[in-house]
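Please explain how the pocket and the aromatic rings of this structure are arranged, and how far the ring residues are accessible.

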Amino acid sequence: MTTAKYQIFSSIVMVTAMTMFFSCKSNLDEVNKIGISENEPIGVAENIDLKYTDSGRVTANLLSPKMLDFSNRAFAYNEFPNGAHLDLFGENNEKSTVIADYAIVYDKTGIIDMQGNVILASAEQDTLFAEQLYYDQNREWLFTNKPVTFRRGQDIINGKGFDSDAEFNQAEVLEIDGIITLDE
């Protein structure tokens with residue numbers, strides 16, 4: 001009878017082992033998600049001072065107290081919850097500045113959404129004040145449908161929207177009112 005018990009016991013062990021072996025599946029994505037909440041950033045950077053260069057020349061300098069990296073999402077983005085300050089340098093080292101209380105950069109679309117006390121000052125001292133402003137990096141185009149104030153020289157133009165290329169060469173304030181000087 002001992003042999004029969006041994007055969008029954010080994011059959012049970014064999015069936016259990018086979019069941020466990022075939023029930024396990026390899027899912028690397030699920031394993032990688034362990035310990036990482038999908039609602040949390042994959043990285044946090046503080047006191048950023050990031051310089052972009054092109055051919056050895058600094059073209060931009062990004063300063064921010066905090067950046068949250070959500071590149072672990074299907075629609076990846078970087079968030080600047082405490083604001084951002086960006087200096088852009090032209091070919092002759094002329095400086096334009098962009099400041100916002102909050103910004104978010106969407107990687108796939110190249111859209112930057114700036115919100116809260118947005119100020120964009122060009123090297124020629126043209127200045128745009130807005131509640132919210134979008135920048136399409138691919139088209140190098142600025143736009144918003146929120147109220148804006150655009151100051152060019154002595155002119156102060158208020159409007160309910162704005163469209164422009166990055167250089168303000170094709171700047172258009174939508175539904176305008178304000179003070180505009182005219183040459184007589």
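A residue counts as buried under 20% relative accessible area and as exposed over 50%, with partly exposed in between. The model discussed here is predicted. By that scale Tyr106, at 24% relative accessibility, is partly exposed. Phe75 has a relative accessibility of 40%, so this residue is partly exposed as well.

These two residues form an aromatic pair. Their ring centres lie 5.6 Å apart and the planes meet at 40°, so the pair is classed as tilted. The contact joins distant parts of the chain, since Phe75 sits in the loop between S2 and S3 whereas Tyr106 belongs to strand S6, 31 residues apart. Ring pairs also connect Phe75 and Tyr106 with Phe70 and Tyr77 in a cluster.

In the whole structure, five aromatic pairs are found. One of them involves Tyr134 and Phe143, whose ring centres are 5.3 Å apart; their planes lie at 20°, so this pair is stacked. Tyr134 is partly exposed at 24% relative accessibility, and Phe143 is partly exposed at 26%.

The largest pocket encloses about 1100 Å³ of space. Its lining comprises 35 residues, and those nearest the pocket centre are Ala60, Leu86, Leu88, Val98 and Tyr135. Strands S1 (43-54), S2 (57-70), S3 (77-80), S4 (84-89), S5 (95-100), S6 (102-106) and S7 (111-121) each give two or more residues to this lining. The largest share, five residues, is supplied by S2. In chemical character, the lining of the largest pocket consists of 23 nonpolar, six polar and six charged residues.

Notes
Residues numbered from 1 in each chain as written. Predicted model: local features only at pLDDT ≥ 70, side-chain atom pairs only at ≥ 80, totals over all residues. Heavy atoms only, no water. 1 Å grid on protein atoms, 1.4 Å probe; cavity = no way out; pocket = protein on both sides within 12 Å on 5 of 7 lines; lining within 4 Å. Points joined across faces, edges and corners; volume = space filled by probe spheres on them. Helix = DSSP H or I, 4+ residues; strand = E, 2+ residues; numbered from the N terminus. Nonpolar A, V, L, I, M, F, W, Y, C, P; charged D, E, K, R; others polar. Phe/Tyr/Trp six-rings, centres within 6.5 Å; stacked < 30°, edge-to-face > 60°. Buried < 20%, exposed > 50% of the residue type's maximum accessible area, 1.4 Å probe, protein only.
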